Amino acid sequence: MHDLTVFTENRPGALADLGEATGSAGINIEGICGMPFENTGVFHILVSDPAPAREALEKAGIRVGGHREVLLLRRGVDIVDQPGAAGVVARAMADAGVNVELIYVTLSGDVVVGVDDLDKAREAQKRAGVPAALAY
């Protein structure tokens with residue numbers, strides 16, 4: 001899965017423009033987070049293929065920054081929904097020397113993690129055995 005950084009004007013309708021541009025191109029946004037920064041809306045969107053998403057957004061006049069492959073932790077499989085889960089994931093990454101640069105939840109409750117070293121992050125998550133690790 002891939003995370004795209006998208007920049008819009010910070011105004012009513014900007015998010016609608018983003019959704020309409022991707023939707024009309026048949027692109028499913030599986031996760032999204034956003035916040036204003038001065039006069040700009042900054043969004044992160046999770047898509048399976050970044051190239052057509054970038055093309056659709058730019059065609060609609062929406063600026064796309066970088067994209068990155070991300071770690072996707074499946075709810076109930078890779079991570080459980082209970083107190084301490086975020087700490088277990090973050091500690092596993094920290095102990096492996098991985099810097100978490102981005103984290104948000106998808107529309108289905110999975111967790112998107114953008115890191116500085118994806119291979120090390122995957123290994124750390126496997127070693128942690130995240131669901132079992134919560135039996136402190």
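This is a short walk through one predicted model, from the overall layout to the two sheets and the two cores.

Let me start with the chain as a whole. It has 136 residues, and 40% of them are buried. The secondary structure comes to 5 helices and 7 strands. Reading from the N terminus, the order is β-α-β-β-α-β-β-α-β-β-α-α. The C-alpha trace spans about 50 × 25 × 25 Å along its principal axes. Now the contacts. Take those between residues at least 6 apart in sequence: 69% of them join residues at least 24 apart.

On to the first sheet. It is open, it has 4 strands, and the order is β2-β3-β1-β4. The pairing is antiparallel. Which strands stand at the edges? They are β2 and β4, the latter covering 63-69. Each has a single partner strand, so one side of each is left without a neighbour in the sheet. From one strand to the next, the twist averages 20 degrees. A helix packs on this sheet: α1, residues 14-24. Helix α1 touches β1, which is 2-9, and also β2 and β3. Its direction makes about 135 degrees with that of β1.

Look at β2 and β3 in detail. Strand β2 is residues 31-37, strand β3 is residues 40-47, and they pair in the antiparallel sense over 7 bridges. For registration, use two pairs. G31 stands opposite L46 in β3. C33 stands opposite H44 in β3. The hairpin between these strands has 2 residues between them. One residue to check there is E38, which takes a positive phi near 55 degrees.

While we are on β2, find M35, which sits in that strand. Is M35 buried or exposed? It is exposed, with a relative accessible area of 54%. The cut-off for exposed is over 50%, so M35 qualifies at 54%. Leaving out residues up to four places away in sequence, M35 touches T40, G41 and V42. M35 and N10 are 25 residues apart along the chain, and their C-alpha atoms are separated by 9.0 Å.

Now a contrast: L57, in helix α2, residues 50-59. L57 is buried, with a relative accessible area of 0%. What does L57 touch, not counting residues up to four places away in sequence? The list is V6, L18, A21, T22, I45, I62 and V64. Take L18 from that list. L57 and L18 are 39 residues apart in sequence, yet 6.8 Å apart in space, C-alpha to C-alpha.

One side-chain detail before we move on. R63 lies over the face of F7, at 4.2 Å from the ring centre. As for aromatic pairs, the structure holds 0.

Second sheet. This one is open too, with 3 strands in the order β5-β7-β6 and antiparallel pairing. The edge strands are β5, 71-73, and β6, 100-105, and each pairs on one side only. Neighbouring strands are turned by 20 degrees against each other on average, direction ignored. Strand β5 pairs with β7, residues 111-115, in the antiparallel sense over 3 bridges. L71 stands opposite V113 in β7. Helix α4, residues 118-128, packs on this sheet and touches β5 and β7. The direction of α4 makes about 20 degrees with that of β5.

That brings us to the cores. As background, nonpolar side chains in soluble globular proteins tend to be buried together. The largest nonpolar core here has 15 residues. Which residues have the most contacts inside it? They are L71, L73 and M93. The elements giving two or more residues to this core are β5, α3 at 85-95, β7 and α4. Helix α3 gives the most, with 4 residues.

M93 is worth selecting on screen. Not counting residues up to four places away in sequence, M93 touches L71, V98, V100, A121, A124 and Q125. Apart from this core lies another, of 14 residues. Among them are V6, A21, F43 and L57. Two of those names came up a moment ago: L57 touches both V6 and A21.

That is the tour. Questions, please.

Notes:
Residues are numbered from 1 along each chain as its sequence is written. This is a predicted model: local features need pLDDT of at least 70, side-chain atom pairs count only at pLDDT 80 or more; totals for chains, interfaces and linings use all residues. Side-chain values use heavy atoms; hydrogens and water are left out. Two strands pair if DSSP finds at least two bridges between them. Axes are lines fitted to C-alpha atoms, for helices over the stretch in contact, and angles run from 0 to 180 degrees between N-to-C directions. Contact means heavy atoms within 4.5 Å. Rings of Phe, Tyr and Trp (its six-membered ring) pair if their centres lie within 6.5 Å; planes under 30 degrees apart count as stacked, over 60 as edge-to-face and the rest as tilted. A charge sits over a ring if NZ of Lys or CZ of Arg is within 6 Å of the ring centre and within 35 degrees of the ring normal. A nonpolar core is a set of buried Ala, Val, Leu, Ile, Met, Phe, Trp, Tyr and Cys residues joined through side-chain atoms within 4.5 Å. Buried means under 20% relative accessible area, exposed over 50%, partly exposed in between (1.4 Å probe, protein chains only).
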